[in-house]
Amino acid sequence: TSAEEIQEWDIETYVDENTLVATPDIIVVPDEPLAPPFKMDGLEWLENGRPQWAQSRFDVLLFKVAGLTLAVPLISLGQIQPLTDELTPLFGQADWFMGLQPTPAGKIRTVNTAKFVMPERYDDSFLQTAKYVMSIDGVPWGLAVDSVNQPITLQPEDVKWRGDRGKRPWLAGTVKDHMCALLDIPRIGQMLVEADKNFMSV
């Protein structure tokens, strides 16, 4: 049989009427669920008007920024690194972004704390006085500070907690004995992440 004869064959298809031809099931592939929005640990404030991390005795770290004493909950901090001259700038960031600080654990996005916390009284001299970066636990961000003091232990009643936190949501309250602002570090971490949607790419 030649190849030409094969091409001329009339091929008939026989279908047995008793045979049921099953149509393939259409498989609907659901869209991949969106990743849940990032949420810092310790964000919640409870009905007693205190944050989750201050329901009982807690430790805070006192530090100075542009001559002002501030306090942060120790549980929300990572490491404290000396601020180097090797800050790498990134374009398109907010004016309070100082640059990327190299550390053994990776690059920390460093915040100009003076400009972030009190922009109305900011002075560029802070760029010369800032000596350390305090990293925020859980996110690749850190706060530039002048100096760091010893941690102290507080009871919830040692703080005048803010009732209305709409204007400055990062301000948790005032430490009465030291008359210094207590920063809500989980809230600051959340604000920084939301200000930079691509924070995981660094």
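A residue counts as exposed when its relative accessible area is over 50%. Met 179 has a relative accessible area of 65%, so Met 179 is exposed. That makes a handy starting point for a walk through this model, which is a predicted one. Met 179 sits in the loop between strand S10 (171-175) and S11, and its phi is near 50 degrees, a positive value in a residue other than glycine. Ala 66 gives us another case of a positive phi near 50 degrees in a residue that is not glycine. Ala 66 belongs to the loop between S1 and S2, and its relative accessible area of 40% places it in the partly exposed class.

Let us step back and look at the whole chain. It contains 4 helices and 11 strands. Of its 202 residues, 37% count as buried. Take the contacts between residues at least 6 apart in sequence: 55% of them join residues at least 24 apart.

Now for the interior. The largest nonpolar core has 36 residues, and Ile 136, Trp 141 and Ile 188 are those with the most contacts inside it. The elements that give two or more residues to this core are strand S1 (58-65), S2, strand S4 (97-103), S5, H2, S6, S7 and H4. There is also a second, separate core of 13 residues, with Trp 53, Ala 54, Cys 180 and Leu 182 among its members.

Ile 136 is a good place to pause. Setting aside neighbours within four places in sequence, Ile 136 is in contact with Met 40, Ser 76, Gly 78, Trp 141, Gly 142, Leu 143, Ile 185, Ile 188, Gly 189 and Leu 192. Several of these partners lead us to helix H4 (residues 185-195), where Ile 185, Pro 186, Ile 188, Gly 189, Gln 190, Leu 192 and Val 193 are buried. What do the buried residues of H4 pack against? Their partners are strand S2 (68-73), S5, helix H2 (113-117), S6, strand S7 (141-145) and strand S11 (180-183).

Follow the chain out of H4 and you come to Asp 196, in the segment after that helix. Is Asp 196 buried or exposed? Its relative accessibility is 8%, and a residue under 20% is buried, so Asp 196 counts as buried. Leaving out neighbours within four places in sequence, Asp 196 touches Gln 93, Arg 109 and Trp 141; Trp 141 is also one of the residues with the most contacts inside the largest core. Asp 196 and Gly 92 are 104 residues apart in sequence, and their C-alpha atoms are 9.9 Å apart in space.

Strand S5 holds another residue worth a visit, Thr 110. Thr 110 is buried, with a relative accessible area of 0%. Again not counting neighbours within four places, Thr 110 is in contact with Leu 83, Leu 87, Trp 96, Phe 97, Met 98, Gly 99, Gln 101, Val 133, Gly 142 and Ala 144.

Gln 101 and Val 133 also appear among the residues that Gln 81 touches, along with Thr 103, Pro 104, Lys 131 and Tyr 132, once residues up to four places away in sequence are set aside. Gln 81 lies in strand S3 (residues 77-82). Why does Gln 81 count as buried? Its relative accessible area is 19%, and buried means under 20%, so Gln 81 falls within that class. Its side chain makes a polar contact with the side chain of Gln 79, at 3.0 Å.

We finish with the pockets. The largest pocket has a volume of about 210 Å³. Its lining consists of Phe 38, Lys 39, Met 40, Asp 41, Gly 42, Gln 52, Trp 53, Ile 75, Ser 76, Asp 137, Gly 138 and Pro 186, which divide into 5 nonpolar, 4 polar and 3 charged residues. Some of these names are familiar by now: Met 40 and Ser 76 are contacts of Ile 136, Trp 53 is in the second core, and Pro 186 is a buried residue of H4.

The second largest pocket holds about 170 Å³ of space. Of the 14 residues that line it, Thr 103, Ala 105, Ile 108, Ser 135 and Val 139 lie nearest its centre. S3, strand S5 (106-111) and strand S6 (132-136) each supply at least two residues of this lining. By class, the lining has 5 nonpolar, 7 polar and 2 charged residues. Thr 103 links back to Gln 81, which touches it.

Methods. Residues are numbered from 1 along each chain as its sequence is written. This is a predicted model: local features need pLDDT of at least 70, side-chain atom pairs count only at pLDDT 80 or more; totals for chains, interfaces and linings use all residues. Side-chain values use heavy atoms; hydrogens and water are left out. Buried means under 20% relative accessible area, exposed over 50%, partly exposed in between (1.4 Å probe, protein chains only). A polar contact is a pair of N or O atoms within 3.5 Å; within protein, one must be able to donate a hydrogen and the other to accept it, and residues adjacent in sequence count only if both atoms are side-chain atoms. Contact means heavy atoms within 4.5 Å. On a 1 Å grid over the protein atoms alone, a cavity is a set of points where a 1.4 Å probe fits but cannot get out, and a pocket is an open set with protein on both sides within 12 Å along at least five of seven lines; lining residues have an atom within 4 Å of a point. Grid points are joined across faces, edges and corners, and a volume is the space filled by probe spheres set on the points. Ala, Val, Leu, Ile, Met, Phe, Trp, Tyr, Cys and Pro count as nonpolar, Asp, Glu, Lys and Arg as charged, and the others, Gly among them, as polar. A nonpolar core is a set of buried Ala, Val, Leu, Ile, Met, Phe, Trp, Tyr and Cys residues joined through side-chain atoms within 4.5 Å.
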